[in-house]
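Biologist: Could you take me closely through a single part of this model, saying what is buried there and what surrounds it?

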Amino acid sequence: MKSILIIGMGRFGRHLCQKFTSLNNEVMIVDRDEAAVSAVAADATSAQIADCTDESVLRDLGVHNFDMCFVCIGSDFTSGLLITSMLKDVGAKRVIAKASRDIQAKLLLRNGADEVVYPERESAERLATRMSAHNVFDYIELTPEYSIYEIPPLPGWVNHSVKEVEVRNRYHINILAIKENGKLNPMPGGDYVFTGEEHLLAMASREDARKLLRKM
């Protein structure tokens, strides 16, 4: 269990709060908008209405006690940048800030952010990849070159084992898990026989994934 501080209760901040809480973390939310805080307060461990551009507010929150501090202010970048910088000044261990453009990311990283996320861009890229490729049910980018794809097995693999198909040697993919009937089978062995009903969670380079998807 981790202790999380989330500043800014826009859409991204709300979703973060709900997900972290569902994973049994302690979550404190802060926003200067009373209605925004009230809308999410039931999902958080604690909630506070406050203006985090005031350094004394951050000190009173005891930011050094949190494992991670998220700055999720999207509509007022200047405030987000100021809060990010002050969080580090008052002892925050790890600061993750939201950006919508590369120039914002550069400024945030130069002014205290340990990591920058682009929730809208990442969501759009993930959706575009999934919708533009046949038989890709989900997609997680690990690096610009490697990703994890949720795909079906090739028709020719059905009733054959992983070892018989020579998945790694012939297709250059690594099967991390099998999803079937709502169950997850991680790291299937070479004797696993494809049924044709499962989904594969496979790690592959972009080029190897393209070659495989063309065969489907």
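**A close look at helix 4**

Modeller: In this predicted model, the buried residues of helix 4 are Ser79, Gly80, Ile83, Thr84, Met86 and Leu87. These buried residues pack against strand 1 (3-7), helix 3 (55-61), strand 4 (68-71), strand 5 (95-98) and helix 5 (102-110). Helix 4 itself runs over residues 77-89, and because each residue should add 1.5 Å, its 13 residues should span 18 Å, which agrees with the 19 Å between its end C-alpha atoms. Just after helix 4 comes Gly91, which takes a positive phi of about 105°.

Helix 4 also takes part in a pocket, the second largest, which holds about 330 Å³ of space. Helix 1, strand 2 (26-31) and helix 4 are the elements that give two or more residues to the lining of this pocket. The lining comprises 22 residues, and those nearest the centre of the pocket are Gly8, Met9, Asp31, Ile73 and Ser75. Sorted by class, the lining of this second largest pocket has nine nonpolar, six polar and seven charged residues.

Helix 1, which shares that lining with helix 4, has Phe12, Gly13, Leu16, Cys17 and Phe20 as its buried residues. Seen down the axis of helix 1, these buried residues fall within an arc of 135°, so they line one face of the helix, whereas the face turned away from the buried side carries the exposed residues Arg11 and Lys19. After helix 1 comes Asn24, whose phi is positive, near 65°.

Technical notes
Residues are numbered from 1 along each chain as its sequence is written. This is a predicted model: local features need pLDDT of at least 70, side-chain atom pairs count only at pLDDT 80 or more; totals for chains, interfaces and linings use all residues. Side-chain values use heavy atoms; hydrogens and water are left out. Helices (H or I, at least four residues) and strands (E, at least two) are DSSP runs, numbered from the N terminus. The expected span of a helix is 1.5 Å times one less than its number of residues. Buried means under 20% relative accessible area, exposed over 50%, partly exposed in between (1.4 Å probe, protein chains only). Contact means heavy atoms within 4.5 Å. The arc is that of the directions from the helix axis to the C-beta atoms. On a 1 Å grid over the protein atoms alone, a cavity is a set of points where a 1.4 Å probe fits but cannot get out, and a pocket is an open set with protein on both sides within 12 Å along at least five of seven lines; lining residues have an atom within 4 Å of a point. Grid points are joined across faces, edges and corners, and a volume is the space filled by probe spheres set on the points. Ala, Val, Leu, Ile, Met, Phe, Trp, Tyr, Cys and Pro count as nonpolar, Asp, Glu, Lys and Arg as charged, and the others, Gly among them, as polar.
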